[in-house]
Amino acid sequence: MTMTTIDPTARVEDGAVIGDGTTIGPYCVIGANAVIGEGCTLTSHVTVSGHTKIGAGCTISPFAALGGPPQDLSYK
């Protein structure tokens, strides 16, 4: 089992599930209903909100926003 690392500037809400060996970088925001699989890397400034599940071994690049409403306001 490898250790999960969460940067002190990151915000992880109660209820979020973080897999073993995951690294959550600076200024990430993880919502209460997020599930992040084992061995993932959220580099920095990543937001995961809503009922979002990320599989094992994923790398999420800076400024990604997952699980929220689309930025295109005309999307139906």
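**Two parallel sheets in an all-strand chain**

Four strands build an open sheet in the order β2-β5-β8-β11, and their pairing is parallel. At its edges lie β2 (11–12) and β11 (65–66), each of which pairs on one side only. The model in which this sheet appears is a predicted one. Within the sheet, strand β8, made of residues 47–48, runs parallel to β11 and is joined to it by two bridges. One residue pair shows how the two strands meet: threonine 47 has alanine 65 as its bridge partner in β11.

A second open sheet is also made of four strands, here in the order β1-β4-β7-β10, and its pairing is parallel. The edge strands of this sheet are β1 (5–6) and β10 (59–60), and each pairs on one side only. Strand β4, residues 23–24, and strand β7, residues 41–42, pair in the parallel sense over two bridges. Here threonine 23 has threonine 41 as its bridge partner in β7.

These sheets belong to a chain whose secondary structure consists of eleven strands and zero helices. Read along the sequence, the pattern is therefore β-β-β-β-β-β-β-β-β-β-β. The C-alpha trace spans about 45 × 20 × 20 Å along its principal axes. What radius of gyration does the chain have, and what would a compact globule of 76 residues have? The chain has 12 Å, and a compact globule with 76 residues would have a value near 11 Å, so the two agree.

The contacts of the chain can be described by their separation in sequence. Of those between residues at least 6 apart in sequence, 0% join residues at least 24 apart. As for the surface, the chain exposes about 4,900 Å², of which carbon and sulfur atoms supply 57%. Buried residues account for 28% of the 76 residues.

Two residues allow a closer look, beginning with threonine 22. This residue is placed in the loop between β3 (17–18) and β4. Is threonine 22 buried or exposed? Threonine 22 counts as buried because its relative accessibility is 0%, and the limit for a buried residue is under 20% relative accessible area. Its side chain has a polar atom 3.1 Å from the backbone oxygen of glycine 19. A polar atom of the threonine 22 side chain also lies 3.4 Å from the backbone nitrogen of cysteine 40. When neighbours within four places in sequence are left aside, threonine 22 is in contact with Met3, Thr4, Thr5, Ile36, Gly37, Glu38, Gly39 and Cys40.

The second residue is isoleucine 6, which lies in strand β1, an edge strand of the sheet ordered β1-β4-β7-β10. Isoleucine 6 has a relative accessible area of 41%, so it is partly exposed; that class covers values between the 20% limit for buried and the 50% limit for exposed residues. Which residues does isoleucine 6 touch, not counting those up to four places away in sequence? They are Val12 and Ile24. Another separation involves alanine 32, which is 26 residues from isoleucine 6 along the chain. The C-alpha atoms of isoleucine 6 and alanine 32 are separated by 15 Å.

Note on methods:
Residues are numbered from 1 along each chain as its sequence is written. This is a predicted model: local features need pLDDT of at least 70, side-chain atom pairs count only at pLDDT 80 or more; totals for chains, interfaces and linings use all residues. Side-chain values use heavy atoms; hydrogens and water are left out. The radius of gyration is taken over C-alpha atoms; the globule rule is 2.2 Å times the number of residues to the power 0.38. Buried means under 20% relative accessible area, exposed over 50%, partly exposed in between (1.4 Å probe, protein chains only). Contact means heavy atoms within 4.5 Å. Accessible areas come from the Shrake-Rupley method with a 1.4 Å probe; for residues, only the protein chains shown count as cover. Two strands pair if DSSP finds at least two bridges between them. A polar contact is a pair of N or O atoms within 3.5 Å; within protein, one must be able to donate a hydrogen and the other to accept it, and residues adjacent in sequence count only if both atoms are side-chain atoms.
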